Amino acid sequence: MKLYIGRERYEGFTNALKVNGLKLDPRDVIDGQFNEQIAYEKTLELLRSGNYPTGFLICNNLSTFGFLRAVNDLKLRIPEDVAFISFDKLMGQDIFNIPYSYLDRHVFTQGVQAMQVLYRRINSADGRPAETIVNLAEIVLKGSERFMK
């Protein structure tokens, strides 16, 4: 994976699997390179193989668009045929009436906080030190997930 954020998300995911005693088949990993077309082509290839996982974690919106195009082109049903959860809400997702579960990182709040920190540092006479702010993400379940029995 070329992008730092992609590697970080992949490592977090694989660590969570290990903690829960689950294994990841490397053949099930799609590096969509944060690119809709690449994600589409690689997802289509995996889904056409007939040997794919029952659920996917998709790490960015562009890859999510590619994934959803592939699922739609193959006329697969969400979550009956393939389940997924993604990072961040898609703009206009409610318009298309598709089940779409996602990890909400509250990006607007992050942006506001970043500007507040920057403002304080710029206006600080004493060279204010860097601040660390931790925002907990929230899993929003909207029907694209499927719980295994």
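The following exercises concern the fold and helix H2 of a predicted model.

Local features require pLDDT of at least 70 and side-chain atom pairs pLDDT 80 or more, whereas totals for chains, interfaces and linings use all residues. Residues are numbered from 1 along each chain as its sequence is written, and side-chain values use heavy atoms, without hydrogens and water.

**Exercise 1.** State how many helices and strands the protein has, and give their pattern along the sequence.

*Solution.* Helices (H or I, at least four residues) and strands (E, at least two) are DSSP runs, numbered from the N terminus. The protein has four helices and four strands. Read along the sequence, their pattern is α-α-β-α-β-β-α-β.

**Exercise 2.** Compare the expected span of helix H2 with the distance between its end C-alpha atoms.

*Solution.* The expected span is 1.5 Å times one less than the number of residues. H2 comprises 14 residues (36-49), so a span of 20 Å is expected. The end C-alpha atoms are 20 Å apart, in agreement with that value.

**Exercise 3.** Identify the buried residues of H2 and the elements against which they pack.

*Solution.* Buried denotes under 20% relative accessible area (1.4 Å probe, protein chains only). In H2, Ala39, Tyr40, Thr43, Leu44, Leu46 and Leu47 are buried. An α-helix has 3.6 residues a turn, so residues three or four places apart point the same way. The buried residues of H2 pack against strand S1 (55-58) and helix H3 (61-73).

**Exercise 4.** Describe what caps the N-terminal end of H2 and what follows H2.

*Solution.* At the N-terminal end, asparagine 35 acts as the cap, with a side-chain oxygen 2.9 Å from the backbone nitrogen of glutamine 37. After H2 comes glycine 50, with a positive phi near 80 degrees.

Conventions. Buried < 20%, exposed > 50% of the residue type's maximum accessible area, 1.4 Å probe, protein only. Contact = heavy atoms within 4.5 Å. Polar contact = N/O pair within 3.5 Å; in protein donor to acceptor, adjacent residues only side chain to side chain.
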